[in-house]
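Trainee: I am new to this structure and would like to go through it by question and answer. May we look at it together?

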Amino acid sequence: MSRRVNIMMDEEAWRVIERVPRGARSRAVNAAIREWSGKSMRQSAAARMDSLRARLPSVPTEDVVRWIREERERRPS
């Protein structure tokens, strides 16, 4: 479902969108918003991971490898 919206943009943004053909402007804005949203979500997730990493104790690689092997052995083939 599409929705019509009114937005305010600065002159620089308008100069860019003005060069996009009229029939493609909505697609261009939608693509830019999806790209910005995806990047924003990835950055937020990375920040949360960094926060967790700072608070949790480090785990030796050998332990991680052992846990993975144990889990694989528990799963039926």
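Trainee: How do the residues lining the largest pocket divide into nonpolar, polar and charged?

Mentor: The model is a predicted one. In it, the largest pocket has about 580 Å³ of space, and 14 residues line it. By class, the lining divides into 7 nonpolar, 4 polar and 3 charged residues.

Trainee: Which element gives the largest share of the lining of the largest pocket?

Mentor: Among the lining residues, Arg-3, Val-5, Ile-7, Ser-26 and Val-29 lie nearest the centre of the pocket. Two elements, α1 (11–18) and α2 (25–55), each give two or more residues to the lining. The largest share, 5 residues, comes from α2.

Trainee: Which residues make the nonpolar surface patch of about 380 Å²?

Mentor: One member is Ile-7, found in the segment before α1. Ile-7 has a relative accessible area of 53%, and because exposed means over 50%, Ile-7 is exposed. The patch is made by Val-5, Ile-7, Met-9 and Trp-14.

Trainee: Is Met-8 buried or exposed?

Mentor: Met-8 belongs to the segment before α1. Its relative accessibility is 82%, and the cut-off for exposed is over 50%. Met-8 therefore counts as exposed.

Trainee: How far apart in space are Met-8 and Glu-71, C-alpha to C-alpha?

Mentor: In sequence, Met-8 and Glu-71 are 63 residues apart. Glu-71 lies in helix α3 (residues 61–74), whereas Met-8 is in the segment before α1. The C-alpha to C-alpha separation in space is 54 Å.

Trainee: Which residue meets Arg-53 in a salt bridge?

Mentor: Side chains of opposite charge can pair when their charged atoms come close. Arg-53 and its partner both lie in helix α2, 3 residues apart, about one turn of the helix. Arg-53 is exposed at 55% relative accessibility, while the partner is partly exposed at 45%. With an N to O distance of 2.8 Å, the partner is Asp-50.

Trainee: With which residues does Glu-71 form salt bridges?

Mentor: Glu-71 is partly exposed, at 34% relative accessibility. One partner lies 3 residues away in helix α3, with an N to O distance of 3.3 Å; for the other, the closest N and O atoms are 3.9 Å apart. A salt bridge requires such atoms within 4 Å, so both pairs qualify. The partners are Arg-74 and Arg-75.

Trainee: How many salt bridges are counted?

Mentor: Asp-63, Arg-66 and Glu-70 are linked in a network of salt bridges. Glu-71 also forms one with Arg-75. The count comes to 5 salt bridges.

Technical notes:
Residues are numbered from 1 along each chain as its sequence is written. This is a predicted model: local features need pLDDT of at least 70, side-chain atom pairs count only at pLDDT 80 or more; totals for chains, interfaces and linings use all residues. Side-chain values use heavy atoms; hydrogens and water are left out. On a 1 Å grid over the protein atoms alone, a cavity is a set of points where a 1.4 Å probe fits but cannot get out, and a pocket is an open set with protein on both sides within 12 Å along at least five of seven lines; lining residues have an atom within 4 Å of a point. Grid points are joined across faces, edges and corners, and a volume is the space filled by probe spheres set on the points. Helices (H or I, at least four residues) and strands (E, at least two) are DSSP runs, numbered from the N terminus. Ala, Val, Leu, Ile, Met, Phe, Trp, Tyr, Cys and Pro count as nonpolar, Asp, Glu, Lys and Arg as charged, and the others, Gly among them, as polar. Buried means under 20% relative accessible area, exposed over 50%, partly exposed in between (1.4 Å probe, protein chains only). Patches are made of residues with over 30% relative accessible area and no salt bridge: like charges are joined within 9 Å, nonpolar side chains (Val, Leu, Ile, Met, Phe, Trp, Tyr) within 5 Å. Accessible areas come from the Shrake-Rupley method with a 1.4 Å probe; for residues, only the protein chains shown count as cover. A salt bridge is a side-chain nitrogen of Lys or Arg within 4 Å of a carboxyl oxygen of Asp or Glu.
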